[in-house]
Amino acid sequence: MKIAILPGDGIGPEIIEQAVKVLNVLGESFELETAPVGGAGYAAHGHPLPEGTLALAKAADAVLFGAVGDYQYDNLERALRPEQAILGLRKQLGLFGNLRPAILYPELAGASTLKPEVVSGLDILIVRELTGDIYFGQPRGVRECPDGPFKGQREGFDTMRYAEGEIRRIAHVAFQAAQKRGKRLTSVDKANVLETFQFWKDIVTDVHKEYPDVALDHMYVDNAAMQLVRAPKKFDVIVTGNMFGDILSDCAAMLTGSIGMLPSASLDANNKGLYEPSHGSAPDIAGKGIANPLATILSAAMMLRYTFNKNEQADRIETAVKSVLAQGLRTADIFEPGTTKVGTAEMGNAVVKALAA
Ligand code: IPM
Ligand code: MN
């Protein structure tokens, strides 16, 4: 069980440290190796995804990833920016299936900006396609506008495209995830406007024939955004493309009160995976010891479940996290009067302690 540990920037190293503590007390023989990525990769080797880091990630069974990005790298050319590290890893490792659960822990119901009755008991899963769409479609760039009223001016352009096989494989991931849950799948598209997403809708409808036990419906992305804040509990599993999935998953995350609680898995066809918290590098609070490590710890649990098939160990971690919440321990992002505010390391230690109990 070889795990590449890529802490990255900002709060990345602090939160990864807590997840590593948790992995080390499970009594399993993991082989952990750490490498720099993102701004840290650029600082050490002149590239956000240094060759050695990519080689390590390729050789490992799983990658535990912190977060990338920091103000000091904002003015670098696009190819050298920290975000290229995560985009490069997803593409180069073929991690097309992104699972982003949004679960509201009952103890945190008050942390949501939505009314408790709208979000209590929320448990939805967004399946986001991660290596296609307008994120990666070629051609792209800035060129001379070839036609229309702005002909001759400079224009920026990107290409939205999805191959049939690309849609089929993510649809299978989503239908299978739905089979293990509430057996309902909502495919989110923009078929009323975009050719790519009419095609998406047709292919998902075709794949549905292989999963008669799952109820499929289709929703336009603008309506999906509205329904997510109006009646989020009506969803079970949502499947969508890279771009819509990026936006909807942030929205879904916030329903739970804190993006600091949400893990994610990015899987290839053989369940090799990269696991990362859904939140970013939060450079404004980096080094202060106040970041919430629970999303990263829960990402490690997803790693045990999806890559290593160690469901019992994954359950143990998730139970330990629930227990520290029940004890009233809260990092600043989920703090409410009447609970106990703790720092990053204290929270990590509390999970370790709960695991031993
Ligand atoms: C995410 C992030 C990334 C994305 C960025 C950092 C490239 O927002 O994982 O959702 O857009 O996919
Ligand atoms: Mn995002």
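How many bridges join strand 3 to strand 12, and which way do the two strands run? Let's start there. Strand 3 covers residues 62–67 and strand 12 covers residues 273–277. The two run parallel, and 3 bridges join them. Within this pairing, Leu 64 stands opposite Tyr 275 of strand 12. Helix 10, residues 294–306, packs on the sheet here. Helix 10 touches strand 3, strand 12 and also strand 11, which is residues 263–267. The direction of helix 10 makes about 160 degrees with that of strand 12.

One caution before going on. This is a predicted model.

Now the whole sheet. It is open, it has 10 strands, and the pairing is mixed. As a reminder, strands of a sheet pair through backbone hydrogen bonds, either parallel or antiparallel. Read across, the order is 2-1-3-12-11-4-5-10-8-9. Which strands sit at the edges? Strand 2, residues 31–34, and strand 9, residues 215–220. Each of these pairs on one side only. From one strand to the next, the twist averages 20 degrees.

A second helix to look at is helix 6, residues 164–179. Helix 6 lies across four strands: strand 4 (97–103), strand 5 (123–129), strand 8 (184–189) and strand 10 (237–240). Against strand 5, helix 6 runs at about 165 degrees.

Next, the domains. Domain 1 is made of two stretches, 1–96 and 268–357. Domain 2 is 122–251. Their centres, taken over C-alpha atoms, are 26 Å apart. How many residues of each domain are in contact with the other? There are 7 from domain 1 and 7 from domain 2. On the domain 1 side, those residues are 3 nonpolar, 2 polar and 2 charged.

The UniProt record, an unreviewed entry, has its own annotation: "domain: Isopropylmalate dehydrogenase-like", over residues 2–351. Over residues 2–351, the chain is 38% helix and 20% strand. The end C-alpha atoms of residues 2–351 are 23 Å apart.

On to ligand 1. What surrounds it? Glu 83, Ile 86, Leu 87 and Asp 246. Helix 4, residues 83–92, gives the largest share of this shell, with 3 residues. By type, the shell has 2 nonpolar residues, 2 charged ones and no polar ones.

Asp 246 comes up again in the record. UniProt, in an unreviewed entry, places a "binding site" feature at Asp 222, Asp 246 and Asp 250. Why can we say these three gather at one spot? They span 29 residues in sequence, yet no two of their C-alpha atoms are more than 14.3 Å apart, so they come together in one place. Asp 222 itself is in helix 8, residues 221–230.

Last, two backbone details. Most residues other than glycine have a negative phi, and most peptide bonds are trans. Here are two exceptions. The peptide bond from Gln 138 to Pro 139 is cis, with omega near -5 degrees. Pro 139 is in the loop between strand 5 and strand 6, the latter being residues 141–144. Asn 271 is not a glycine, but has a positive phi of about 65 degrees. Where does Asn 271 fall? In the loop between strand 11 and strand 12. And strand 12 is the strand we began with, running parallel to strand 3.

Terms used:
Residues are numbered from 1 along each chain as its sequence is written. Chains are lettered from A and ligands numbered from 1 in the order in which they are written. This is a predicted model: local features need pLDDT of at least 70, side-chain atom pairs count only at pLDDT 80 or more; totals for chains, interfaces and linings use all residues. Domain bounds come from an automatic or database domain assignment. Two residues are in contact if their C-beta atoms, placed from the backbone, lie within 7 Å. Ala, Val, Leu, Ile, Met, Phe, Trp, Tyr, Cys and Pro count as nonpolar, Asp, Glu, Lys and Arg as charged, and the others, Gly among them, as polar. Two strands pair if DSSP finds at least two bridges between them. Axes are lines fitted to C-alpha atoms, for helices over the stretch in contact, and angles run from 0 to 180 degrees between N-to-C directions. UniProt positions are given in the numbering used here, feature names are shortened, and annotations may be inferred rather than shown by experiment. A residue is near a molecule or strand if its C-beta atom, placed from the backbone, lies within 6 Å of it.
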